[in-house]
Amino acid sequence: MTQFKHACERRMLRLLSRVFTQTQSNIKAAAVHRSFRPAASLPASAYPGFSVNPIMEPKLYRPPPEVRGMTSLDKDAFTQTITVPALRVPTGVLNKVVKSLKKSTIQRPGVPRVVQDKEESSDFRLVLLDPHRVSSPSSFSEAEAEALRSFSVPEELQHYELRLTYHNLKSEEVLEAVLPQGQDVTSAFSRVGHIAHMNLRDHQLPYKNLIGQVIMDKNPGVTCVVNKTNIIDSTYRNFKMEVLAGEENMVAKVKENGVIYEFDFSRVYWNSRLSTEHQRVVQLVKRGDTVFDVFAGVGPFAIPAARLGANVLANDLNPESHRWLQHNCKLNKVEKKVRTFNLDGRAFIQGPVKQELPALLKGTASIHIVMNLPALALDFLDAFRGLLDQESPCDENLPTVHCYGFYKENEPETDVVERASRSVGLPLKGRCSVHFVRNVAPNKDMMCVSFTLPKEVLFSADQELTETSGEPAPKRQKCEEPTDST
């Protein structure tokens, strides 16, 4: 018992010793971190032979404090001079040296890596180095040092006073310097042709015009920056926006998956983040197939499908979307392959779709029905209940439905399938597939449920299916709920 007690005491002492040693190490590390100063703030005389401190600050550019809180952009206020290391290199081997040191040279927008020698000699140039990578000759990698020796370039580091201006800064650096500390800084936007579309948060609104100008300055080709001012109007799937910077031309021209689209971004729905999903579904379509696009927008499903040789019937309730859909069909030379409609989605299903389906069901070509209105499309599935008469049911060529929806539940696939089942009036579990499209917001994802439309739905009385599902069919005729805007 005594031996066991002594063993326990020894183990406890060893444990306490390790804890004490680790604590002392942390204290020393913290003291070192607090005591160092960035090299850019020190005079050249502070380091004999080389002025760059071996411990570097994590950021090359340290913004002047006076820019904090700026709401009207003053580009000159961001100007700053810093000291960076440089190598004096003979012009005869300059290109080879720069190539060998590509990981160590300075990388800054608009900042040259090679500058005139201090002595203005035509035989030498200075190669500017990143002070975070090179703080002394020993900082060069073995390969870099060997390259310098082979080119007879002395590893003697020089000082160079580098003047950084607003034009040498990245958009994130400018906004981080201006916006209040501790708040989210965003430079993210959706690019729609020449338009940058932002969703600013409340704390960013006092700086909105400055943010817009910075985004336009730092992104070539962007000549207009807009901010969404309300949620999407689900009836026509557009939203109000304000111009933060640049021209007020809202007619954009974009290219997606090889197809060109033109539209008034302020009056129609377009989401560049759905490019991959558009391509995924269109790749399921073959020449000779028929595609019914219930909520077609300006044509991102309909036009690529028509270009593949499919026969397309495309519909949208928004008159502006319908107009640009027709325009884009002509622009891409598929107007003979696409019939366009300006109807409510339910009316399109119970009109043109109902008229075309009987003949198509007797054929062998596939039939696809695309329903991309994530906020409400699942509620429109009840329009297929009893759509056709019981004259010529067919098991082999029933349509495939691709219906989109948002979910906020813990089990997204189960949630989407259950909602689709309630709407069609028949359990779809085991008869469908669910595809994750993208994350829209925290705890809100966009999903696509695909299934063969059961003949029990197409050729049944609506009342029978209502009794089967246990819930009445939704009667919503038009979109009235907000949907995603990004």
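Begin by selecting Phe341, which lies in strand S13, the run of residues 338-341; keep in mind throughout that the model on screen is a predicted one. If you show the surroundings of Phe341 and set aside residues up to four places away in sequence, you will find that Phe341 touches Leu313, Ala314, Asn315, Asp316, His322, Phe348 and Pro352. Add Pro319 to the selection and draw a distance between C-alpha atoms: Phe341 and Pro319 are 22 residues apart along the chain, and their C-alpha atoms are separated by 9.6 Å.

Now zoom out to the whole chain, where 12 helices and 17 strands can be coloured separately. Of the 486 residues of the chain, 48% count as buried. Among the contacts in the chain with a separation of 6 or more, 69% are accounted for by residues 24 or more positions apart.

Next, select helix H4 (residues 171-178) together with helix H5 (residues 208-218), whose axes come within 9 Å and cross at roughly 160 degrees. That angle makes H4 roughly antiparallel to H5, because angles over 145 degrees are counted in this way. The crossing of H4 and H5 is right-handed. To see what makes the contact, show side chains for Ser171, Val174, Leu175 and Val178 on H4, and for Leu210, Ile211, Val214 and Lys218 on H5.

Stay with H5 and colour its buried residues, which are Leu210, Ile211, Gly212, Val214, Ile215 and Met216. The elements that cover these buried residues of H5 include H4, and also strand S6 (195-198), strand S7 (224-228) and strand S8 (241-246), so that displaying these elements together with H5 shows this part of its covering.

The aromatic residues come next, and a search of the whole structure finds six aromatic pairs. Select Tyr261 and Trp270, which form one such pair, with 5.1 Å from centre to centre and 45 degrees between the planes, an arrangement that counts as tilted. Then add Phe263: the rings of Phe263 and Trp270 have their centres 5.1 Å apart and their planes at 25 degrees, so this pair is stacked. Taken together, Tyr261, Phe263 and Trp270 form one aromatic cluster. Both Tyr261 and Trp270 are buried. For Trp270 the relative accessibility is 8%, and this residue counts as buried because the cut-off is under 20%. Phe263, at 0% relative accessibility, also counts as buried.

Two further stops concern charged side chains and aromatic rings. Select Arg346 with Phe380, where the charged end of Arg346 sits over the ring of Phe380, 5.0 Å from the centre of that ring. Then move to Lys444 and Phe406, where the charged end of Lys444 sits over the ring of Phe406, 4.5 Å from its centre.

For the last stop, select Ser423, which lies in helix H10, made up of residues 412-424. Is Ser423 buried or exposed? Its relative accessibility is 2%, and Ser423 therefore counts as buried. Finally, add Ala383 and draw the distance between the two C-alpha atoms: Ser423 and Ala383 are 40 residues apart along the chain, while their C-alpha atoms are separated by 8.7 Å.

Definitions and conventions:
Residues are numbered from 1 along each chain as its sequence is written. This is a predicted model: local features need pLDDT of at least 70, side-chain atom pairs count only at pLDDT 80 or more; totals for chains, interfaces and linings use all residues. Side-chain values use heavy atoms; hydrogens and water are left out. Rings of Phe, Tyr and Trp (its six-membered ring) pair if their centres lie within 6.5 Å; planes under 30 degrees apart count as stacked, over 60 as edge-to-face and the rest as tilted. Buried means under 20% relative accessible area, exposed over 50%, partly exposed in between (1.4 Å probe, protein chains only). A charge sits over a ring if NZ of Lys or CZ of Arg is within 6 Å of the ring centre and within 35 degrees of the ring normal. Axes are lines fitted to C-alpha atoms, for helices over the stretch in contact, and angles run from 0 to 180 degrees between N-to-C directions. Helices (H or I, at least four residues) and strands (E, at least two) are DSSP runs, numbered from the N terminus. Angles under 35 degrees count as roughly parallel, over 145 as roughly antiparallel, 65 to 115 as roughly perpendicular and the rest as oblique. A crossing is left-handed if the near helix is turned anticlockwise from the far one by less than a right angle, and right-handed if clockwise. Contact means heavy atoms within 4.5 Å.
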